[in-house]
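Reader: I would like a close look at a single part of this protein, the place where aromatic rings come together, and at how that part sits within the whole chain. Please take me through it carefully.

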Amino acid sequence: FFDLMQAGAELSSYGNYVKGLSAVLELWKDRGDTADFLYLLEKTAGFSDNSGDAEKKAHLDRLMEKLTGIEVVRWFLTTCREPQERQEYLSALAKKATGSLVLYLAEVEDRKTRHAVCSLLAAESVRDLAPFVMYLNDDRWFFVRNIVMLLGQSRNPAAVKHIVNAMANPE
């Protein structure tokens, strides 16, 4: 399958390849097969990042949007019990799923998972504060605490004003 995609399949067929890939990923998700799901996710992300053809990239980007949504993030991180696989998954999602990972951070209860998500998001906060700042007024104090921590870890001078404003929160 990936050989066909790499060989530059005809665009008319390319959409069908991507649909087929989406169906396989859904099947593995239904089976709880996180290892194979991760393998296809990493391959798909690589193709999406390296596609020179705008239409092919659009097909893959739509699939990646689906794969990086909060429902899939929640499924993977609650289903997968292998720490190495979880870290690979988070790394594969890094730039593409920052918003979903921030939302997941608000609901995750497992300390180890929360720590892994925070570690990844800290690296993202260095590049862009916007996905984090918008949650500083959230009602969940523990979530705001984690966002403030991420802003602090960014070491970005622009984060200071947001941290100071968050400190005014009575909680």
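Author: A residue is called buried here when its relative accessible area is under 20%. By that criterion Phe-76 is buried, and Tyr-89 is buried as well, in what should be kept in mind throughout is a predicted model.

These two residues form a ring pair, and a pair of aromatic rings is described by the distance of the centres and the angle of the planes. For Phe-76 and Tyr-89 the ring centres are 3.9 Å apart and the planes stand at 10°, which is under the 30 degrees that serves as the limit for stacking, so the pair counts as stacked. The protein chain has six aromatic pairs by the rule used here, and ring pairs join Phe-76 and Tyr-89 with Phe-37 and Trp-75 into a cluster.

The stacked pair also bridges two helices: Phe-76 belongs to helix H5 (residues 70–79) and Tyr-89 to helix H6 (residues 83–93), so the pair ties together parts that are 13 residues apart in sequence. The axes of H5 and H6 come within 10 Å and cross at roughly 160°, and because angles over 145 degrees count as roughly antiparallel, H5 is roughly antiparallel to H6. The crossing in which H5 passes H6 is left-handed. Around the ring pair, H5 contributes Val-72, Val-73 and Leu-77 together with Phe-76 to the meeting of the two helices, while H6 contributes Glu-85, Arg-86, Leu-90 and Leu-93 together with Tyr-89.

Another helix pair can be set beside this one. The axes of helix H7 (residues 98–107) and helix H10 (residues 141–154) come within 8 Å and cross at roughly 135°, an angle that makes H7 oblique to H10. The crossing of H7 and H10 is right-handed, and the contact is made by Val-102, Leu-105 and Ala-106 on the H7 side and by Phe-142, Phe-143, Asn-146, Ile-147 and Leu-150 on the H10 side.

As for the surroundings, the protein chain contains 11 helices and zero strands. Of its 171 residues, 44% are buried, Phe-76 and Tyr-89 among them. Where contacts join residues at least 6 apart in sequence, 61% of those contacts are between residues at least 24 apart. The protein chain exposes about 9600 Å², with carbon and sulfur atoms supplying 51% of that area.

How values were computed:
Residues numbered from 1 in each chain as written. Predicted model: local features only at pLDDT ≥ 70, side-chain atom pairs only at ≥ 80, totals over all residues. Heavy atoms only, no water. Helix = DSSP H or I, 4+ residues; strand = E, 2+ residues; numbered from the N terminus. Buried < 20%, exposed > 50% of the residue type's maximum accessible area, 1.4 Å probe, protein only. Contact = heavy atoms within 4.5 Å. Areas by Shrake-Rupley, 256 points an atom, 1.4 Å probe, with all protein chains shown as cover. Phe/Tyr/Trp six-rings, centres within 6.5 Å; stacked < 30°, edge-to-face > 60°. Axes fitted to C-alpha atoms, helices over the stretch in contact; angles between N-to-C directions. Parallel < 35°, antiparallel > 145°, perpendicular 65-115°, else oblique. Left-handed = near helix turned anticlockwise from the far one by under 90°.
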